[in-house]
Amino acid sequence: MSRSFCLLLWQAALRVSCHVLTASLCMGGSNIFASVRENSPLGQFISDISIRSDPGANTVRLCLTGPNANWFYLEGRTIRLNLSASRVLDREVLGPFLIAELTCYEDDIKQSHYRILVEIQNENDNKPKFLEETIQPFSISEVAAVNSVVFTVKAVDSDGDMISYTIDQSSEDACFFRIDLPNSGKVVLNKPLDYESRTRLQIIMWAQESNTEEKFNISTVLTVNIEDVDDQYPHFLPCTPVSPDVPVCMNPTYSANITQKYQDSVLEFSPGPIRAKDGDRGINAPLLYTILSGDDHGRFVMDNRTGEIRLTRAVDDQQPAVNFTLTVMVCQVEDRLKYSLATVLVRVLSVNSFPPLFNTTTFKGFIIQSSSPASIVSTYGNQVLQVQVFDWDFPDGVNPNIRFFLHPPSRLFQVTQEGVLIARTDKLQAFDRHILQ
C-alpha cells in the first residue's frame, strides 16, 4: 500500500512538472549545467532549453523528474526556480547541488533524456555557533601550570567561514586567561589559580568570522570551576594576613597567666584557644598537635586532637617566678611535612595576697599662679609632691606594675605613672582650692 501511494505522488509530480507545446521532434537538446545563489527569489532564471523545433511537428511533452525536480518549473522553454513562502533555497540544508532530469516525449513516446545539475552558490547568511560540548562548565586544578592550555572552545559556521576567538576583556576574570593563537580556540592560563581565594571564574568568549565582510560573531559565558588541591599548610587561629593582598597567615602568640599554686588544669589562652585549620578549605584535612619544646620535662601536656594544654604540676613556690615559652606544632595527620609552628607564653605570677596601700591618706600640695601651661605640684619645703604606694606582695614593697588614676578625671590636673601631680597653671585662679581623689 505504501509503494502504491508513493507511485501516485510521483505520477502527480510528473504531471505538475510537465509542459505541453507544439514543437519538432525532441532533437538538439543537451545536459544542463547552471548555478544559482542561495536565497534567490521565486522564478529565478535557471536555463533555457535548447531542443530544436520544426513547423508542423507532432505534439512534444517536456517533463522534469529526479530527486530535486520540485525545485524547478517550466515556463515555455525556460527552467525557473520554484519556491514557496514556507521554503527557501538554503545551501546549508540542501547541499551544494540540485539534481533533476529533463525528459522529452513526442506522442507520449520518450525521445530524449537530459541531466540537470544546478550548483547552489553560497552566501554568508549564517552566524557562527559554539559547539555545546566545548562551552559547558568545566573544572581546572588550582595548581594548573601558568602558560599551559587549560581548555579549548570550538565554534562552527555553516557557511564554512574561518573563525577567530577572543576573550572579552570587560569580563571580571578575563585576566586569568589569554588566547595566543586566535584561530585555534585554545585558552591559556595567564596567572596562578587559588581555590582559597576564588572557587569559580567566569569569562565571556567571542567567536567571529575572520574572512568575511560581515564579520558575524557570537558570544557565550564560560564558567570555570576551580578544583581544590592539597597545596596549603595548616595555620593557627586567629589568622592575621601578612597583607591585604597576600593571603598568608601570621601565626599568633598564645599567652596565659598562672600562679605558683596553679596545677592540674587546662590553661586558658589569649587571643583564644589554641586551634588551627587546614589551609585547603575544601579539603579540611585532620590535624595533629604537638609540643616541640619548652614543656619543662612534662610539666605541660598537649591534647594532640584538640590542642588543649594542661599543667600537670604546680610551679615550685620556693623558686622565683618564671615564664615558660613553648613551641607547638600542628601538622596534617596524613602528611606531616605540611605543618605550622606557634609560640605559647605561660607567665607565672605571684599570688596577690595584699592590696596596695598609700603611705598616707592625705596629700597636700601647692602651686604658684603662673601663665605657664603646666607646672608640677609641690609640697612643703618646695619638694615635688609624689604619691607613694606600698605592696607587701613584694619583698621591698615596690610593685613595678602600679598605675595611678584620678577619679573622676580632672580637666585641670593629671597624675603620671610615677605618682607626680601636674597642674594646668594657666587655668587656675589664685586662692583656689581643689580636692582630688
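In this predicted model, the side chains of Asn 126 and Asp 125 pair up through a polar contact of 2.7 Å. Asn 126 sits in the loop that runs between β8 (109–121) and β9 (129–130). Leaving aside residues up to four places away in sequence, Asn 126 touches Glu 92, Asp 157, Ser 158, Asp 159, Glu 209 and Phe 216. Ser 197 is another matter: 71 residues from Asn 126 along the chain, with 41 Å between the two C-alpha atoms.

β8 also turns up in the largest nonpolar core, as one of the strands that each supply at least two of its residues; the others are β2 (32–37), β4 (59–65), β5 (72–75), β6 (78–81) and β7 (97–106). This core has 26 residues, and the ones with the most contacts inside it are Ile 46, Leu 62, Phe 72, Ile 79, Leu 89, Ile 116 and Val 118. Taking Ile 46 from that list, its contacts beyond four places in sequence are Ala 34, Val 36, Phe 72, Ile 79, Arg 80, Leu 81 and Val 118. Apart from the largest core lies another one, built from 25 residues that include Phe 176, Phe 177, Leu 193 and Leu 201.

Then there is the pocket side of things. The largest pocket comes out at a volume of about 1,100 Å³. It is lined by 33 residues, of which Phe 363, Gly 365, Leu 421, His 434 and Leu 436 are the closest to the pocket centre. By residue class, the lining splits into 20 nonpolar, 9 polar and 4 charged.

Notes
Residues are numbered from 1 along each chain as its sequence is written. This is a predicted model: local features need pLDDT of at least 70, side-chain atom pairs count only at pLDDT 80 or more; totals for chains, interfaces and linings use all residues. Side-chain values use heavy atoms; hydrogens and water are left out. On a 1 Å grid over the protein atoms alone, a cavity is a set of points where a 1.4 Å probe fits but cannot get out, and a pocket is an open set with protein on both sides within 12 Å along at least five of seven lines; lining residues have an atom within 4 Å of a point. Grid points are joined across faces, edges and corners, and a volume is the space filled by probe spheres set on the points. Ala, Val, Leu, Ile, Met, Phe, Trp, Tyr, Cys and Pro count as nonpolar, Asp, Glu, Lys and Arg as charged, and the others, Gly among them, as polar. Helices (H or I, at least four residues) and strands (E, at least two) are DSSP runs, numbered from the N terminus. Contact means heavy atoms within 4.5 Å. A polar contact is a pair of N or O atoms within 3.5 Å; within protein, one must be able to donate a hydrogen and the other to accept it, and residues adjacent in sequence count only if both atoms are side-chain atoms. A nonpolar core is a set of buried Ala, Val, Leu, Ile, Met, Phe, Trp, Tyr and Cys residues joined through side-chain atoms within 4.5 Å. Buried means under 20% relative accessible area, exposed over 50%, partly exposed in between (1.4 Å probe, protein chains only).
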